[in-house]
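Biologist: I've got this structure up on my screen and I'd like to go through it with you. Can we take it one question at a time?

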Amino acid sequence: MIPRTKFLIGGVLILGAASYLMASAIRSTGVYYLTPQELAGRVAADPSFVGTGVKVGARVVPGSIAREPGGREVSFQVSDGARTFPVIYRGVIPDTFTDSADVIVDGRMGPDGTFRATTLLAKCASRYESAPDKYRTTPGYQRPAAVAARHV
Amino acid sequence: MILLGELSLWIALLLAAWACLVSFTGGALGRSDLIASGERAVYATWGFVVVASLGLWTALLQHDFTLRYVASYTSANLPRLYTLSAFWAGQAGSMLFWSLILTTYSAIAVWSNRHRNRVLMPYVSGTLAAVTLFFLATICFGDSPFERLPYDVIDGNGMNPQLQNPGMAFHPPNLYLGYVATTVPFAFAIAALITRRLDAEWLAAVRRWALVSWFFLTVGITLGMWWAYVELGWGGYWAWDPVENASLLPWLTGTAFLHSIMIQEKRGMLRKWNVVLVVSTFLLAILGTFITRSGIISSVHSFAQSPVGIWFGALLVTAVAVTAYLVVTRLHNLEAKAELESMLSREAAFLYNNVLLVGIAFSVMWGTLFPILSEAVRGTKITVGPPFFNAVNVPLGLLLLALTGIGPLIAWRRASVSNLRRQFAVPVFSAVSVGALLLVLGMREWHALIAYTLAGFVSGTILQEFYKGVGARMRMHGENPIVALVRLIGRNRRRYGGYIVHAGVVMLFCAFAGLAFKREFDVTLATGQAFTAADPYGHQWRFVSDGISRFDALNRQVTAVTLKPWRDGRAMPLIESEKRQHVDSRGQPTFEPSTAVGIFERASQDVYVVFTGQTGPDTAELRITFNPLVWWVWYGGMVMAIGGLIVMWPASDRTRAQSGYAAVMRPATRPIPARVSDSW
């Protein structure tokens with residue numbers, strides 16, 4: 001057998017093994033990424049979907065956050081405008097987790113309709129981009145002297 | 001100055017269009033006057049982009065809040081360093097920064113080739129100008145940092161606290177320097193394809209640029225990991241987030257190219273493959289930017305959705321179409337000049353190295369794009385996370401580590417059995433002893449065990465190579481060991497610089513394997529209360545809360561918790577973690593609170609303390625993590641960067657010797673000196 005063929009066999013073996021690893025890893029660790037409405041639709045279509053690990057991207061309903069005093073548990077509601085459901089999360093709460101934050105929760109829907117999250121990622125809407133509306137010159141919010149001097 | 005900057009941007013746009021137009025037509029018609037005009041336009045574009053950049057920096061330093069960009073990312077009380085780094089903190093500014101680097105590189109590439117590669121150069125300048133034109137157009141027509149606010153403000157938003165970190169001031173510029181440097185090899189590849197001059201000439205011209213790109217990407221990625229570790233507070237440095245993956249992809253294909261280029265130089269093989277690698281490295285850099293800017297994949301640290309995303313999508317499609325056409329129509333010019341002679345050859349080891357690096361790149365890309373792919377094919381978004389990337393990349397990475405040790409031991413073309421026995425004895429012995437020692441010490445995590453055994457193998461290879469080289473010099477030149485070592489590296493920078501890079505890789509793998517032994521504890525401590533835990537090495541740690549304090553710092557209100565640690569009864573330095581509420585220049589709170597991690601750093605492990613919340617006036621919630629060997633990630637990255645610097649440092653003509661295929665293709669100016677160490 002010429003070396004080129006041998007090399008190709010080796011290469012195919014490596015790539016085949018890598019593809020097999022990828023396929024099996026996706027099957028065993030892939031997670032649905034759904035909106036609250038899609039999740040509700042799936043549960044309605046197939047009740048056994050309750051208990052499947054999913055990721056849900058939604059927005060925190062303002063005023064719904066309740067932190068358990070002295071503990072690490074927080075309950076809140078998320079919504080995509082169409083569906084709203086309660087979430088219970090236990091763990092380290094990110095700094096950016098506030099009212100109206102966009103969150104991604106990882107976990108499973110319980111039979112009681114409450115989503116139990118194991119991870120909570122929060123993305124602040126104003127994180128990198130926003131126009132400074134709040135510093136519009138309005139009475140009572142005076143221009144700091146140092147800055148004002150340069151603009152006169 | 002600001003108006004001048006905005007004006008310069010438009011002039012630069014016109015100049016780039018001109019440079020692109022006349023360079024390509026000049027090259028096609030063979031008109032030297034047009035070619036010369038194109039090159040002058042490349043220099044002029046650079047000059048005007050520099051003026052535009054100085055304009056933005058002036059606006060930032062003067063706190064000119066009439067500009068939307070300045071008002072969005074800075075405030076009057078922002079420290080000077082971050083006011084300067086705000087240049088690349090936002091979308092529009094980072095595009096200008098990208099253009100600044102690209103035009104600087106273009107000017108350097110054109111200048112350094114003014115007497116060389118003259119047939120290629122018109123197309124090189126043309127391609128570089130075309131990419132520059134694209135970036136300037138996205139700024140001028142898409143998102144400009146010189147856009148004015150329709151209303152008056154008294155202060156800016158300030159910079160996101162998480163970006164107010166030295167790591168974040170230096171990580172993006174390095175990453176951009178690396179990303180943008182992939183454009184020059186791409187331009188040479190396009191020029192070589194158009195002119196059908198696909199021999200060693202264009203490769204020699206791009207090798208250093210590929211190294212520059214690799215060097216900055218390495219530094220940038222390391223700094224990014226460091227930033228994520230010290231700033232984000234989740235206890236790790238790599239989360240397989242789409243944005244992180246985007247920076248890894250061009251690094252992987254760039255690394256593959258730096259190895260396969262040697263095969264083409266030595267043996268004239270892999271000519272098609274090298275073109276494909278150079279082009280894909282550039283395309284992956286653009287893809288990475290597209291992913292980051294377009295918001296098509298949700299990532300925790302992506303820029304907000306912006307119109308620029310579509311522009312990048314268009315650039316990507318155009319570049320893929322053009323290069324695919326060029327490669328396909330030139331396939332017959334890319335036939336290999338030699339065949340693989342034996343599986344027991346360095347060529348074969350390098351080929352497998354390429355298969356693995358590209359395989360890893362492909363799996364990372366697949367995992368990153370999987371949500372989009374699954375939505376397109378099956379209608380539902382399926383995401384994959386760290387378990388997917390680890391399942392695929394741990395085995396591939398370990399194979400790659402093994403090849404790092406095997407490659408340098410095998411001879412080019414065909415290795416004999418006696419050669420193999422002689423070369424492998426020491427590294428194999430070193431691997432077996434490391435593995436056995438760890439097994440005896442009680443290590444049972446088999447992934448980590450394999451990683452450390454292989455690390456022992458590769459270290460054995462590297463040390464053996466240095467030992468042999470130094471020994472040969474000492475015998476032949478009568479030098480003492482230190483002089484011999486310095487000269488050995490100095491005279492063979494590519495070879496021994498490469499080994500130093502490999503040493504850095506070994507350090508990184510040791511650090512990654514250390515993750516298997518991480519220990520994490522969530523505790524609640526009131527002042528005076530203690531918490532006891534054992535670290536992975538078996539030491540007993542005791543942490544006593546010293547209480548919570550509040551104070552005001554430069555632009556923030558700080559709530560800090562202090563821990564007094566003892567290790568096996570011996571007092572250790574205090575560890576402090578902070579919650580920070582940033583304030584604007586009027587003392588009003590701005591942004592969400594952020595966390596500053598307390599880290600007690602040693603080579604053996606980090607003790608990583610995060611203040612996660614406060615439940616009473618003197619009660620703190622903490623997450624305490626023992627993170628073994630994290631230190632080796634930063635220093636491994638540094639060693640890799642130093643190795644890269646040694647490899648790319650320009651050699652004087654006295655020490656530079658052509659060898660192998662390149663020497664055969666191009667007549668050497670003088671006889672090649674027959675030195676033992678010149679085999680690279």
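Modeller: Sure, and keep in mind that this is a predicted model. A good way in is Tyr33(A), which stands opposite a residue of β1(B).

Biologist: Which residue of β1(B) does Tyr33(A) stand opposite?

Modeller: Look at the strands that carry the pair: β1(A) is joined to β1(B), residues 381-383 of chain B, by three bridges. The two strands run antiparallel. In that pairing, the residue of β1(B) opposite Tyr33(A) is Lys381(B).

Biologist: Now the whole contact between the chains. Which element gives the most to the side of chain A that touches chain B?

Modeller: The contact takes 46 residues from chain A and 60 residues from chain B. On the chain A side, the elements that each supply at least two residues are α1 (3-29), β1 (31-34), β2 (53-60), β7 (115-123) and α3 (145-151). With 14 residues, the one that gives the most is α1(A).

Biologist: And how many of the residues on that side of chain A are nonpolar?

Modeller: Split by class, the side of chain A that touches chain B has ten polar and eleven charged residues. The nonpolar ones number 25.

Biologist: Let's stay with chain A. What pattern does chain A follow along the sequence?

Modeller: Chain A has three helices and seven strands to place. Read along the sequence, the pattern is α-β-α-β-β-β-β-β-β-α.

Biologist: How far apart are the centres of domain 1 of chain A and domain 2 of chain A?

Modeller: The domain assignment puts domain 1 of chain A at 1-26 and domain 2 of chain A at 31-123. Taken over C-alpha atoms, the separation of their centres is 41 Å.

Biologist: What share of the residues of chain A count as buried?

Modeller: For the contacts in chain A with a separation of 6 or more, residues 24 or more positions apart account for 43%. As for burial, of the 152 residues of chain A the share that counts as buried is 24%.

Biologist: Over to chain B, then. Why is chain B called as compact as a globular protein of its length?

Modeller: Chain B holds 20 helices and eleven strands. The globule rule gives 26 Å for 680 residues, and the radius of gyration of chain B is close to that, so chain B is as compact as a globular protein of that length. The radius of gyration in question is 27 Å.

Biologist: What share of chain B counts as buried?

Modeller: Along its principal axes, the C-alpha trace of chain B spans about 80 × 70 × 60 Å. Among its contacts between residues at least 6 apart in sequence, 72% join residues at least 24 apart. Of the 680 residues, the buried share is 53%.

Biologist: Which helix gives the most to the largest nonpolar core?

Modeller: That core has 194 residues, and those with the most contacts inside it are Phe188(B), Ala189(B), Trp202(B), Phe509(B) and Cys510(B). Take Phe509(B): leaving aside neighbours within four places in sequence, it is in contact with Leu401(B), Ala451(B) and Ala455(B). The helix that gives the most, with 22 residues, spans 200-232 of chain B and is α9.

Biologist: How many residues are in the second, separate core?

Modeller: The members of this second core include Val56(A), Phe76(A), Val103(A) and Met109(A). Its size is 20 residues.

Biologist: How many residues of β7(B) are buried?

Modeller: β7(B), residues 575-582, is joined to β5(B), residues 556-567, by eight antiparallel bridges, with Ala560(B) partnered by Glu578(B). β7(B) also pairs with β8(B), residues 594-596, in the antiparallel sense over three bridges, and there Arg580(B) is the bridge partner of Ser594(B). The strand is mostly covered, and of its eight residues the number buried is six.

Biologist: Which residue in the turn between β3(B) and β4(B) has a positive phi?

Modeller: β3(B), residues 530-534, and β4(B), residues 540-553, run antiparallel and are joined by five bridges, one partnership being Ala530(B) with Val544(B). Together they form a hairpin with five residues between them. The turn residue with a positive phi, about 95°, is Gly538(B).

Biologist: Last one: how many residues of domain 2 of chain B are in contact with domain 1 of chain B?

Modeller: The assignment gives domain 1 of chain B as 1-159 and domain 2 as 517-631, and their C-alpha centres lie 44 Å apart. Domain 1 brings seven residues to the contact, by class three nonpolar, three polar and one charged. From domain 2 of chain B, the count is six.

Terms used: Residues are numbered from 1 along each chain as its sequence is written. Chains are lettered from A and ligands numbered from 1 in the order in which they are written. This is a predicted model: local features need pLDDT of at least 70, side-chain atom pairs count only at pLDDT 80 or more; totals for chains, interfaces and linings use all residues. Domain bounds come from an automatic or database domain assignment. Two residues are in contact if their C-beta atoms, placed from the backbone, lie within 7 Å. Ala, Val, Leu, Ile, Met, Phe, Trp, Tyr, Cys and Pro count as nonpolar, Asp, Glu, Lys and Arg as charged, and the others, Gly among them, as polar. Helices (H or I, at least four residues) and strands (E, at least two) are DSSP runs, numbered from the N terminus. The radius of gyration is taken over C-alpha atoms; the globule rule is 2.2 Å times the number of residues to the power 0.38. A residue is buried if 20 or more other C-beta atoms lie within 10 Å of its own, exposed if 12 or fewer, and partly exposed in between; C-beta atoms are placed from the backbone. Two strands pair if DSSP finds at least two bridges between them. A nonpolar core is a set of buried Ala, Val, Leu, Ile, Met, Phe, Trp, Tyr and Cys residues joined through C-beta atoms within 7 Å.
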